[in-house]
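Colleague: I am new to this one and would like to see the reasoning behind the labels. Could we take them one at a time?

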Amino acid sequence: MNEMDWLSLSDVEARVNALESLMVEKGLAEHEAVDAVVASFENDMGPINGAKVVARAWTEPEYREWLLRDATAAIADMGFTGLQTEHMVAVENTDERHNVVVCTLCSCYPWTLLGIPPAWFKYPQYRARVVKDPRSVLGEFGVTLADEVKIDVWDSSAEIRYLVIPQRPKGTEGMTVEELIPLINRDSMVGTALATAPGSA
């Protein structure tokens, strides 16, 4: 599924640019400040943080167990707190089970771990369809699962948010945490993608 199917990028950019221009015109923000915030989410926060958590879980069995048992504490242990990571639950993809996250009411999302939410995560079409027919929606994202794989859909809320631990790709057994991190992308931690195979990142 491509977010372009629901709202063109030009529409999104036009709205963002108009909002930024209005805020600058009213003296509520400066272009440099907006750029700094965006850069912070792109570089200092966001998917790289979630990827570090997942890579550690892949390589440290004790940490993985802790993450599945008490995700909030395990994530905080790595220094990632605030911005909707106060009440976290980690769910793990396996050969038998695939997890996908949605927020049916609004767009609750762990910004510190995953960065800025993708536009499609907020769209009513995604929020309604992934609950009713997750297999078809995942197929539109390019994730084809065997019929016997059970799909669990987790509904984020103001009280609880989810991190999907994607399956570790085959052929990565000897890789270090630093080598694994690039294989883990935002969508794989939402459940709408798989971790990237070695050599494809």
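Modeller: Start with a scale: a residue is buried under 20% relative accessible area, exposed over 50%, and partly exposed in between. The model is a predicted one, and everything said about it below is computed from that prediction.

Colleague: What makes Arg97 partly exposed?

Modeller: Its relative accessible area is 33%. That value falls between 20% and 50%, so Arg97 is called partly exposed.

Colleague: Which residue does the side chain of Arg97 meet in a salt bridge?

Modeller: The partner is Asp152, with N and O 2.5 Å apart. The cut-off is 4 Å between a side-chain nitrogen of Lys or Arg and a carboxyl oxygen of Asp or Glu, so 2.5 Å qualifies. Arg97 belongs to strand 2 and Asp152 to strand 3, and 55 residues separate them in the chain.

Colleague: Is Asp152 buried or exposed?

Modeller: Asp152 is buried: its relative accessible area is 13%, and the limit is 20%.

Colleague: How are strand 2 and strand 3 joined?

Modeller: Six bridges connect strand 2 to strand 3 (residues 150–155), and the two run parallel. At least two bridges are needed for a pair, so six are sufficient. One of the partnerships is that of Val102 with Asp155 in strand 3. Strand 2 itself spans residues 97–102, and five of its six residues are buried.

Colleague: What is the overall count of helices and strands?

Modeller: There are 11 helices and four strands. Of the 201 residues in the protein, 40% are buried. Among contacts with a separation of 6 or more, 68% are between residues 24 or more positions apart.

Colleague: What makes strand 4 mostly covered?

Modeller: Strand 4 covers residues 161–165, and five of its five residues are buried. Arg161, Leu163 and Ile165 lie on one side, Tyr162 and Val164 on the other, and both faces are covered. Strand 4 pairs with strand 1 in the parallel sense over five bridges. In that pairing, Val89 has Tyr162 of strand 4 as its bridge partner.

Colleague: Why is helix 3 called oblique to helix 4?

Modeller: The axes of helix 3 (residues 47–59) and helix 4 (residues 61–69) cross at roughly 125 degrees and come within 5 Å. Roughly perpendicular ends at 115 degrees and roughly antiparallel begins over 145, so the crossing is oblique. On the helix 3 side the contact involves Val53, Arg56, Ala57 and Thr59, and on the helix 4 side Pro61, Tyr63, Arg64 and Leu67. Sorted by class, five of these residues are nonpolar, one is polar and two are charged.

Colleague: Which residues are linked with Arg56 in a network of salt bridges?

Modeller: Glu60 and Asp77 are linked with Arg56 in that network. In the salt bridge of Arg56 with Glu60, the closest N and O atoms are 3.2 Å apart. The salt bridge of Arg56 with Asp77 has an N to O distance of 3.2 Å. Arg56 is in helix 3, while Asp77 is in the loop between helix 5 (71–76) and strand 1 (88–92), 21 residues apart. With a cut-off of 4 Å, both pairs therefore count. The whole structure has seven salt bridges.

Colleague: What makes Glu60 partly exposed?

Modeller: Glu60 has a relative accessibility of 34%, which lies between 20% and 50%. Asp77, at 46%, is placed in that class too, since it stays under the 50% limit.

Colleague: How do you know that Asp187 is buried?

Modeller: Its relative accessible area is 16%, under the limit of 20%, so Asp187 counts as buried. Asp187 lies in helix 11 (residues 186–190). Leaving aside residues up to four places away in sequence, Asp187 touches Trp120, Thr192 and Ala193.

Colleague: What class does Ala128 fall in?

Modeller: Ala128 has a relative accessible area of 37%, between 20% and 50%, so it is partly exposed. Ala128 is part of helix 8 (residues 124–132). From Ala128 to Val102 the C-alpha distance is 9.1 Å, with their positions 26 residues apart in sequence.

Colleague: Where is Thr81?

Modeller: Thr81 is in the loop between helix 5 and strand 1. Setting aside residues up to four places away in sequence, Thr81 touches Ala76 and Thr112. Thr81 and Leu113 are 32 residues apart in sequence, and their C-alpha atoms are 8.7 Å apart.

Note on methods: Residues numbered from 1 in each chain as written. Predicted model: local features only at pLDDT ≥ 70, side-chain atom pairs only at ≥ 80, totals over all residues. Heavy atoms only, no water. Axes fitted to C-alpha atoms, helices over the stretch in contact; angles between N-to-C directions. Parallel < 35°, antiparallel > 145°, perpendicular 65-115°, else oblique. Contact = heavy atoms within 4.5 Å. Nonpolar A, V, L, I, M, F, W, Y, C, P; charged D, E, K, R; others polar. Buried < 20%, exposed > 50% of the residue type's maximum accessible area, 1.4 Å probe, protein only.
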